[in-house]
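Student: Could you take me through one part of this protein slowly? I'd like to follow how its strands sit together and then what goes on around the ligand.

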Amino acid sequence: MKFNAKSFIEYVKQRNNNESEFIQAVEEVAVSLEDFLNANQIYLENRILERLVEPERTIIFRVPWVDDNGEIKVNRGYRIQFNSAIGPYKGGLRFHPTVNLSVLKFLGFEQVFKNSLTGLPLGGGKGGSDFDPHSKSDSEVMRFSQSFMSELYRYIGPNIDVPAGDIGVGAREIGYLFGQYKKLTKDFSGVLTGKGLPWGGSNIRTEATGYGLVYFVEEMLRAKNDSINGKKVIISGSGNVAQYAAEKVIQLGAKVLTMSDSAGTIYDKDGITQEKLEHLKQIKNVKRGRIKDYANKYNVEYLDSENPWSIKADIALPCATQNEINKEDAMALVKNEIVLVGEGANMPSTSEAIDIFKENKILFSPGKASNAGGVAVSGLEMSQNSARVQWSREEVDQNLKKIMIEIHGKILEYGNRGESIDYVAGANIAGFKRVADSMIAQGLV
Ligand code: NDP
């Protein structure tokens, strides 16, 4: 049998009309698996890729709720249970107006490979709603979250499907979701991760994605006999991932020049210090305000409606959302002699942008590898919940670092090209192999 990535993508396009983000994610994987599949016929004979692109189950439901004026609102809820070959479905919930089936299928598909790379027993899933928590009161967010869980609880469980946070779903939302799950089921269990520390959460879960990203970047630089110390770093986003990526970059002696939100970018030429970062956390997490407030307080440049990619630096860490680096942005980064692009967000670079990084030999890591620290610590939260224990910060942080270093090692196995490392191919092949072998062992189900 012969696998041809181009015809496979045509087949996926036909079956998933208009799902552009999902098709983009599948295309990246199919192209990088082509040679590997042709050299390993067993995966073709078992039609593994055709099976992998079809979620095991897709749940779509109505989420009615009442706003503070007593008006009835209706949103749409989703949970995509993508693949359970190596463990219970695991992946975040996203609350954002751009959420649709295509976005969640791309995220769920990526999650399957990411979770496999962590080496932990975690299948892949994703879910969420087109609900926008911005400018909603706490009570509105609570009523919405309760209504969302009133349907979702039927499909999840600590050994079935364990959701976590993502864009728009942080500690507050996880709290309301968990409370409602417990009320409906009478069951206090590890059904969600990202829980608060006093009620079953794990140390370092909040920091995990951002810290893990920077640990991974350190490994990439180490492989080139370089280090992060003294480097200039541009970061996009100012949410969970961006905040803790910035924190770890600062701790390791590098300079963070930018952060952003959906309205604009701050450019702090002196570097964001830990003290200023604490203020930014207050703005975003407590006041739920705009990043512009940072520019006003510290009198730094504010780039209205712009992203950070035109600012000269050594390292770029996109930590906001999908497709936030397009072809022109990638060209600007290359022109400014960027050394490394490490994805903190999921699929922040378009395929044209990735091609430009490749052509120009920029060190580039895909989100499914470099942002896997979040789900890895979620996996550790599940283990702690099962054993009714709570590990120390140091213990979890060491485990996180170890997992990120191991992911780098697995990628080298399949992505080492002598002079350079193809992190995209390495991550896709290593992630695929574990899931594919498990699917074959479990028969045609
Ligand atoms: P948050 O909601 O905490 O923060 C998201 C940030 O990105 C905010 O600053 C937000 O700005 C900005 N943003 C969102 N959408 C857009 C947009 N369309 N254009 C410009 N900026 C935007 O989310 P997280 O930090 O949790 O997630 C960020 C990324 O990391 C996502 O891709 C997510 O899938 C990925 N990720 C998250 C993990 C986690 O553990 N949380 C794990 C692995 C990956 P504003 O404040 O204006 O909305």
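Tutor: Look for V66, whose bridge partner in strand 2 is I72. A strand here is a DSSP run of E with at least two residues, a helix is a run of H or I with at least four, and both are numbered from the N terminus. What you're looking at is a predicted model, where local features need pLDDT of at least 70, side-chain atom pairs count only at pLDDT 80 or more, and totals for chains, interfaces and linings use all residues. Residues are numbered from 1 along each chain as its sequence is written, and side-chain values use heavy atoms, with hydrogens and water left out.

Back to the strands. R57 faces Q81 in strand 2. Strand 1 and strand 2 (72-83) run antiparallel and share 10 bridges; two strands count as paired if DSSP finds at least two bridges between them. They make a hairpin with 5 residues between them, and G70 in that turn has a positive phi of about 85 degrees. Now follow Q81 to another neighbour: it stands opposite G125 in strand 4. Strand 2 pairs with strand 4 (124-129) in the antiparallel sense, over 6 bridges.

Zoom out a little, and you get an open sheet of 5 strands in the order 1-2-4-3-5, with mixed pairing. Strand 1 (57-66) and strand 5 (161-164) are at the edges with a single partner strand each, so one side of each has no neighbour in the sheet. On average, neighbouring strands here are turned by 20 degrees against each other, direction ignored. For angles, axes are lines fitted to C-alpha atoms (for helices, over the stretch in contact), and values run from 0 to 180 degrees between N-to-C directions.

There's another open sheet, with 7 strands in the order 9-8-7-6-10-11-12 and mixed pairing. Its edges are strand 9 (301-304) and strand 12 (363-365); each has a single partner strand, so one side of each lacks a neighbour in the sheet. The average turn between neighbouring strands is 15 degrees, direction ignored. Strand 10 (315-318) and strand 11 (340-342) run parallel and are joined by 2 bridges, and A316 has V341 in strand 11 as its bridge partner.

Now for the ligand. Around it are 26 residues, and the closest are D166, T209, S262, R290 and N346; a residue is near if one of its heavy atoms lies within 4 Å. Polar side-chain atoms of D166 and R290 lie 2.6 Å and 2.7 Å from a ligand oxygen, and for R94 the distance is 3.0 Å. Taken alone, the ligand exposes 890 Å², and the protein buries 83% of that; such areas come from the Shrake-Rupley method with a 1.4 Å probe. Helix 8 (205-222), helix 9 (240-251) and strand 7 (255-261) are the elements that give two or more residues to the shell. Domain 2 (57-188) and domain 3 (208-370) both contribute residues to the shell, so the ligand lies between them; the domain bounds come from an automatic or database assignment.

Technical notes. A polar contact is a pair of N or O atoms within 3.5 Å; within protein, one must be able to donate a hydrogen and the other to accept it, and residues adjacent in sequence count only if both atoms are side-chain atoms.
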